[in-house]
Every structure is written in structure tokens, then in C-alpha cells.
Amino acid sequence: MGLLAVSTGIQIAYVVGLVVVPFLGPVTVAEMKGHTALVSAGWYTLGIAWWIAAFRLALPDSWWARHFYGPRKLARAKARWGTDDLG
């Protein structure tokens, strides 16, 4: 019995652990935070830019800021990004 002779449930756990968590998680968070330029750059940097974008402050008009930021953090985001459309 080799290393790859495991049940289907364990194989699914491997896929989740090796694909979903390091790649799809950060790209989803980065997109919800409004960092579209870093999401695009992540395809060229093998996902490193997605991790950077996931930890950065969200744009004030993004889905992430509207749902997760309180008044203090939203004020920080507005001060950081301003009101222009470029972000």
C-alpha cells in the first residue's frame, strides 16, 4: 500500500489543503477587497500578490469594507484610498 492509496475522503482533503487554501482563498478575499490590479498580478507571481492583497486594507467602496469594516476602519480606508475610482 503506497502513499497515494488512500480513501476518497482523504483525497478530497488533500485537494482542499493543497489547492483551495493557498490559491482560491487569497484570490477570493483580494477580489472582495477590490484589489483587481493585484489579483491580475497574482497570475504572474504564482499567487504571491494575492496574499499581499488579502492582507492589505480594502478599498472603501468594496464588498469587504461594506460588510466587515466598522466606522473607524472604514475611515482609515477612506483616508488611505481617497475617493477616486482607480483605487
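What covers the buried residues of H1? Keep that question in mind while the whole chain is on screen, in what is a predicted model. The protein has five helices and zero strands, so a cartoon view will show, from the N terminus on, elements that run α-α-α-α-α. Colouring by accessibility picks out the buried residues, which make up 25% of the 87 residues in the protein. The accessible surface comes to about 6,400 Å², and 70% of that surface belongs to carbon and sulfur atoms. Of the contacts with a separation of 6 or more, 35% are accounted for by residues 24 or more positions apart.

**Helix H1 and what covers it**

Select helix H1, residues 8-32, and follow its axis to valine 20, where H1 bends by about 50 degrees and where a proline, proline 22, follows within four residues. Next select Pro26, Val27 and Ala30, the buried residues of H1; the cover over these residues includes H2 and H3, which answers the opening question. Just past the helix, centre on glycine 34, which follows H1 and has a positive phi, near 90 degrees.

**Histidine 35, in the loop**

Move on to histidine 35, which lies in the loop between helix H1 and helix H2 (36-42). Is histidine 35 buried or exposed? Its relative accessibility is 4%, and because buried means under 20%, histidine 35 counts as buried. Show the atoms of its side chain, and a polar atom there will be found 3.2 Å from the backbone oxygen of leucine 57. If residues up to four places away in sequence are not counted, histidine 35 touches Ala30, Ala53, Arg56, Leu57, Ala58, Leu59 and Trp81.

**Leucine 46, on the way to H3**

Leucine 46 is the next selection, in the loop between H2 and H3. Its phi is near 60 degrees, a positive value in a residue other than glycine. Most residues other than glycine have a negative phi. With a relative accessibility of 73%, leucine 46 counts as exposed, since exposed means over 50%.

**The two faces of H3**

Which residues of helix H3 (residues 48-55) are buried? They are Ala49, Trp50, Ala53 and Ala54. These residues cover an arc of only 140 degrees around the axis, which puts them on the same side of H3. An α-helix has 3.6 residues a turn, so residues three or four places apart point the same way. Turn to the face of H3 directed away from this buried side, and the exposed residues Ile48 and Phe55 come into view. Returning to the buried side, display the neighbouring elements: what covers the buried residues of H3 includes H1 and H2.

**Two nonpolar cores**

Finally, select Leu57, Ala58, Leu59, Trp64, Ala65, Tyr69, Ala77 and Trp81, the eight residues of the largest nonpolar core. Helix H4 (63-68) and helix H5 (71-81) each supply at least two residues of this core. Apart from this core lies another, of five residues, among them Val27, Ala30, Trp50 and Ala53. In soluble globular proteins, nonpolar side chains tend to be buried together.

For a last close view within the largest core, centre on alanine 77; leaving aside its neighbours within four places in sequence, alanine 77 is in contact with Leu57, Ala58, Pro60, Tyr69 and Gly82.

Definitions and conventions: Residues are numbered from 1 along each chain as its sequence is written. This is a predicted model: local features need pLDDT of at least 70, side-chain atom pairs count only at pLDDT 80 or more; totals for chains, interfaces and linings use all residues. Side-chain values use heavy atoms; hydrogens and water are left out. Buried means under 20% relative accessible area, exposed over 50%, partly exposed in between (1.4 Å probe, protein chains only). A polar contact is a pair of N or O atoms within 3.5 Å; within protein, one must be able to donate a hydrogen and the other to accept it, and residues adjacent in sequence count only if both atoms are side-chain atoms. Contact means heavy atoms within 4.5 Å. The arc is that of the directions from the helix axis to the C-beta atoms. A nonpolar core is a set of buried Ala, Val, Leu, Ile, Met, Phe, Trp, Tyr and Cys residues joined through side-chain atoms within 4.5 Å. Accessible areas come from the Shrake-Rupley method with a 1.4 Å probe; for residues, only the protein chains shown count as cover. The bend at a residue is the angle between axes fitted to the seven residues ending there and the seven starting there.
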